[in-house]
Amino acid sequence: MMTSSSLFGRFQSRGVHIRREWLDERLQVAQSSGSATRLSEEHLFDAIFQEFLNTDLNACGAAGLPADVCQLHGVTLPGPYVVQVDEIVNIGDNIEGRGDDSGNRTLKLSMTDGCQRVFGFEYERVPTLSATQPSGLKIQLQGVQVRRGLLLLSPAAVRVLGGEVGRLVAMSKLQRENLQRRLSGRPPVTSLPGAQADAPAAPVGAVAPAAAPGPSMAAPAVTRTPLSSVHQPVNRSALPSTAPRPPAEP
């Protein structure tokens with residue numbers, strides 16, 4: 001039978017740094033539902049990992065990235081590090097088109113390991129990333145360059161794992177709706193019809209995906225400035241000359 005320590009070790013070996021109590025809670029659920037004995041260790045890990053993909057790292061993530069990434073310059077992060085993408089915008093297009101892949105695409109990502117916020121730019125086009133992907137997406141970073149605290153993303157450095165977080169998806173949709181309303185001179189709204197919170201976690205091994213953390217790790221309220229309207233300036237003189245530079249920001 002899989003122990004908490006072996007489960008924790010498997011997650012860390014894949015670059016996932018998550019609070020030990022979250023893993024303990026999911027393993028306890030598996031044991032109480034019988035999944036821990038019914039499933040092989042590999043299938044049990046896969047089931048809990050799928051739950052992780054739909055869990056908010058803002059609520060249950062542990063520090064995985066090196067401290068103070070925003071202060072780093074001229075280094076390569078070996079990884080692997082699994083982070084959550086809270087928002088993606090296409091800063092290569094005008095403000096109306098930043099929610100899709102049109103125009104001269106350059107994606108900017110707002111990411112977190114649960115303890116610090118980092119930003120990344122497409123330094124080379126990453127085919128597996130898109131401005132239309134859901135908030136809460138998990139990606140694995142390995143061998144990513146850092147310049148002036150910004151992560152330079154390339155196909156070799158990014159692996160998309162999947163997942164989403166319902167609360168963040170709803171927030172992103174609301175922000176984009178209010179952006180369109182502002183551009184058309186309409187008043188903002190505080191919610192969208194049909195918006196739903198994350199569903200309660202299902203037993204490990206069940207078909208329905210789990211999402212929300214337990215009461216002890218309830219997700220904190222998050223107030224975000226949309227990347228579609230404000231983004232951090234890039235010091236282009238610090239970028240290497242061996243790859244195309246991101247387009248000039250508006």
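Author: Helix angles under 35 degrees count as roughly parallel, over 145 as roughly antiparallel, 65 to 115 as roughly perpendicular and the rest as oblique. This model is predicted: local features need pLDDT of at least 70, side-chain atom pairs count only at pLDDT 80 or more, and totals for chains, interfaces and linings use all residues. Residues are numbered from 1 along each chain as its sequence is written, and side-chain values use heavy atoms, with hydrogens and water left out.

Reader: Why are helix 2 and helix 4 called oblique to each other?

Author: Helix 2 and helix 4 pack at an angle of about 125 degrees, and their axes are 11 Å apart. Set against the classes above, helix 2 and helix 4 are therefore oblique. The angle runs from 0 to 180 degrees between N-to-C directions, with axes fitted to C-alpha atoms, for helices over the stretch in contact. The crossing of helix 2 over helix 4 is right-handed, the near helix being turned clockwise from the far one by less than a right angle.

Reader: Which residues make the contact of helix 2 with helix 4?

Author: Helix 2 gives Trp 22, Leu 23, Arg 26, Leu 27 and Ala 30; helix 4 gives Leu 44, Ile 48, Glu 51 and Phe 52. Contact here means heavy atoms within 4.5 Å. By class, 7 of these residues are nonpolar, none polar and 2 charged. The nonpolar class is Ala, Val, Leu, Ile, Met, Phe, Trp, Tyr, Cys and Pro, the charged class is Asp, Glu, Lys and Arg, and the others, Gly among them, are polar.

Reader: What makes helix 1 oblique to helix 4?

Author: Helix 1 (residues 4-13) packs on helix 4 at about 60 degrees, with the axes 11 Å apart. That angle makes helix 1 oblique to helix 4. The crossing is right-handed. Leu 7, Arg 10 and Phe 11 of helix 1 meet Glu 41, Glu 42, Phe 45, Ile 48, Phe 49 and Phe 52 of helix 4. This contact has 6 nonpolar, no polar and 3 charged residues.

Reader: And what makes helix 1 oblique to helix 2?

Author: Helix 1 and helix 2 (residues 20-33) pack at about 125 degrees, their axes 10 Å apart. So helix 1 is oblique to helix 2. Their crossing is right-handed. From helix 1 come Ser 4, Ser 5, Leu 7, Phe 8 and Phe 11; from helix 2 come Arg 20, Trp 22, Leu 23, Asp 24 and Leu 27. They divide into 6 nonpolar, 2 polar and 2 charged.

Reader: How many helices and strands does the protein have?

Author: The protein has 6 helices and 8 strands. They are DSSP runs numbered from the N terminus, helices being H or I with at least four residues and strands E with at least two. Along the sequence the pattern is α-α-α-α-α-β-β-β-β-β-β-β-β-α.

Reader: In what order do the strands form the open sheet?

Author: The order is 1-6-7-4-3-2-5-8, with mixed pairing. Why do strands 1 and 8 stand at the edges? Strand 1 (75-77) and strand 8 (158-162) have a single partner strand each, so one side of each lacks a neighbour in the sheet. The twist from one strand to the next averages 40 degrees.

Reader: What makes the pairing mixed?

Author: Strand 4 (residues 117-122) runs parallel to strand 7 (residues 150-153), joined by 4 bridges. Strand 3 (residues 107-112) runs antiparallel to strand 4, joined by 5 bridges. Two strands pair if DSSP finds at least two bridges between them. Gly 120 has Leu 151 as its bridge partner in strand 7. Gly 120 is also the bridge partner of Leu 109 in strand 4. Phe 119 stands opposite Leu 150 in strand 7. The hairpin of strands 3 and 4 has 4 residues between the strands, and there Gly 114 takes a positive phi near 100 degrees.

Reader: Why is Gln 50 called partly exposed?

Author: Gln 50 has a relative accessible area of 46%, so Gln 50 is partly exposed. Buried means under 20%, exposed over 50%, and partly exposed in between (1.4 Å probe, protein chains only). Gln 50 lies in helix 4. The C-alpha atoms of Gln 50 and Gly 162 are 9.0 Å apart, though the two residues are 112 residues apart along the chain. Buried residues make up 46% of the 250 residues in the protein.
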